[in-house]
Amino acid sequence: MRVQVAIVGAGPAGLILGQLLHKAGIDAVVLEAHTPEYVLGRIRAGVLEQVAVDLLDEAGVGRRMHAEGLPHDGFELLIEGRRHRIDLAGLTGGKQVMVYGQTELTKDLMDARASAGLKTVYEAKDVSVHDFDTKRPRVRYRNGGDGQSHEIECDFIAGCDGFHGVCRASVPKNAIANFERVYPFGWLGLLSDTPPVSGELIYAKTERGFALCSMRSHTRSRYYVQVPLTEKVENWSDDKFWDELRKRLDPQANGRLVTGPSIEKSIAPLRSFVAEPMRFGRLFLAGDAAHIVPPTGAKGLNLAATDVRTLSRALIEFYAGSETGIDHYSARCLRRIWKAERFSWWMTMLLHTFPDTNPFEQRALDAELDYVVHSLAGRTTMAENYVGLPFED
Ligand code: FAD
Ligand code: DHB
């Protein structure tokens with residue numbers, strides 16, 4: 001098989017890229033290691049920045065998001081029992097975020113791909129990438145159904161295969177630099193068909209640890225509590241989760257909290273990670289394949305979307321005769337990525353409880369959070385970063 005672009009990974013990065021290239025008349029195949037059901041079963045992000053919303057509109061997949069998604073004008077910080085509202089719209093000249101689950105977005109992208117008749121190979125096993133330092137890269141895989149081996153010849157490979165994917169791992173070690181911080185805790189998340197505790201998200205900092213009250217719709221809630229890395233999800237019954245969440249909320253929230261059976265429960269470890277550069281000849285990394293943020297700032301999915309926005313424009317420019325876009329891809333993305341990395345790290349430091357912190361540093365972080373919520377400049381900084389920084393290209 002020969003295509004212009006071989007995309008490895010059918011997460012948000014790979015599927016949005018496929019859609020944007022299709023709109024531009026560039027042909028691409030998507031190779032995904034798992035089944036569509038498995039991909040849709042992973043409950044992850046829930047908050048979209050305006051730039052991601054605009055990009056999904058541009059990709060022609062925004063209809064259901066606008067009908068069913070929930071635009072939010074602000075969120076609340078609950079700090080040691082006191083609420084502080086971050087008025088996103090008021091502080092950013094009217095900007096909002098959209099609460100719409102990654103699962104729903106992925107489903108919309110899968111449906112759009114299927115109805116346009118675009119080729120996606122699910123259960124593509126042993127995917128390997130070759131010759132990306134030449135103008136004729138190749139991707140090999142084994143079909144999960146019949147076990148047959150295949151080779152795809154292409155102009156470019158887009159590595160959209162997430163943190164544990166094969167693309168970044170195929171780059172020679174001396175050509176790539178990794179920057180990483182691993183946090184000593186994770187988030188235990190619970191999804192339930194119960195109405196959200198509040199109209200807006202609540203980020204809570206307490207002595208027992210961080211908690212987040214989020215939602216997927218008016219009838220479906222998503223809650224998280226900070227847990228030590230040693231915790232196992234099997235040890236958390238639904239009742240134990242609800243009890244712990246209650247201890248981290250204020251009386252107002254507890255008065256409104258509706259509990260119920262979980263639909264999904266899982267623990268995600270928190271990590272900050274950036275690989276530089278993001279281009280190796282004809283191989284481009286995008287999304288979690290190149291970087292990870294702790295979820296506190298809700299930036300992971302948004303960064304995946306903005307990377308492929310930049311990549312699709314670069315590839316369109318290439319086929320129109322200019323290599324400027326592909327030459328600048330890595331630097332352009334990294335500038336935005338590092339700002340989101342900084343913000344996610346900062347939110348994580350401010351809102352979580354760290355075991356074994358230097359007491360001086362803990363007091364200084366508490367003072368910083370106090371400053372942020374009581375200062376217009378502080379709240380504006382938080383709001384500006386949360387809704388997403390403007391593009392500089
Ligand atoms: P992914 O969604 O990881 O997609 C990569 C795809 O590549 C996967 O479908 C994978 O199966 C496939 N793949 C992997 N290896 C191969 C291979 N060798 N061959 C073929 N295919 C392969 N972000 C937030 O903003 N808020 C959150 O609450 C949040 N929660 C998260 C919870 C967890 C457990 C995780 C892991 C991430 C979370 N994130 C969250 C981050 C967000 O979900 C990701 O940033 C987003 O999914 C990135 O999209 P992506 O397409 O780059 O990568
Ligand atoms: C969700 C996750 C986040 O990390 C966040 O900051 C906000 C919302 C969510 O899953 O709904």
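**Exercise 1. Describe the surroundings of ligand 1 in this predicted model, starting with the residues that come nearest.**

Step 1. Around ligand 1 there are 31 residues, of which Ala-13, Glu-32, Arg-42, Gln-102 and Asp-288 come nearest; a residue is near a molecule if one of its heavy atoms lies within 4 Å of it. The model is predicted, with local features requiring pLDDT of at least 70 and side-chain atom pairs counting only at pLDDT 80 or more, while totals for chains, interfaces and linings use all residues. Residues are numbered from 1 along each chain as its sequence is written, chains are lettered from A and ligands numbered from 1 in the order in which they are written, and side-chain values use heavy atoms, with hydrogens and water left out.

Step 2. For polar contacts with the ligand (pairs of N or O atoms within 3.5 Å), consider the oxygen atoms of ligand 1: a polar side-chain atom of Arg-44 lies 3.0 Å from one such atom, and an N or O atom in the side chain of His-34 is 3.0 Å from an oxygen atom of the ligand. Taken alone, ligand 1 exposes 1000 Å², and the protein buries 84% of that (Shrake-Rupley method, 1.4 Å probe).

Step 3. Helix H1 (12-23) and helix H10 (300-319) each supply at least two residues of the shell, and the largest share, 3 residues, comes from H10; helices are DSSP runs of H or I with at least four residues.

**Exercise 2. Work out which residues and strands surround ligand 2.**

Step 1. Tyr-203, Ser-214, Arg-216, Tyr-224 and Pro-295 come nearest among the 14 residues around ligand 2.

Step 2. Tyr-224 places a polar side-chain atom 2.6 Å from an oxygen atom of ligand 2, whereas Thr-296 has a polar backbone atom 3.4 Å from an oxygen atom of the ligand. The protein buries 97% of the 290 Å² that ligand 2 exposes when taken alone.

Step 3. Strand E15 (211-215) and strand E16 (221-228) each supply at least two residues of this shell, strands being DSSP runs of E with at least two residues.

**Exercise 3. Explain why Cys-160 forms no disulfide with Cys-167.**

Step 1. A disulfide is a covalent bond between the sulfur atoms of two cysteines, assigned here to a pair of cysteine sulfur atoms within 2.5 Å.

Step 2. The closest cysteine sulfur to that of Cys-160 belongs to Cys-167 and is 7.9 Å away, which is too far for a bond; Cys-160 is also buried, with a relative accessible area of 7% (buried means under 20%, with a 1.4 Å probe and protein chains only).

Step 3. Cys-333 is likewise in no disulfide, the nearest cysteine sulfur, that of Cys-160, being 11 Å away, and the count comes to 0 disulfides.

Key
A polar contact is a pair of N or O atoms within 3.5 Å; within protein, one must be able to donate a hydrogen and the other to accept it, and residues adjacent in sequence count only if both atoms are side-chain atoms. Buried means under 20% relative accessible area, exposed over 50%, partly exposed in between (1.4 Å probe, protein chains only).
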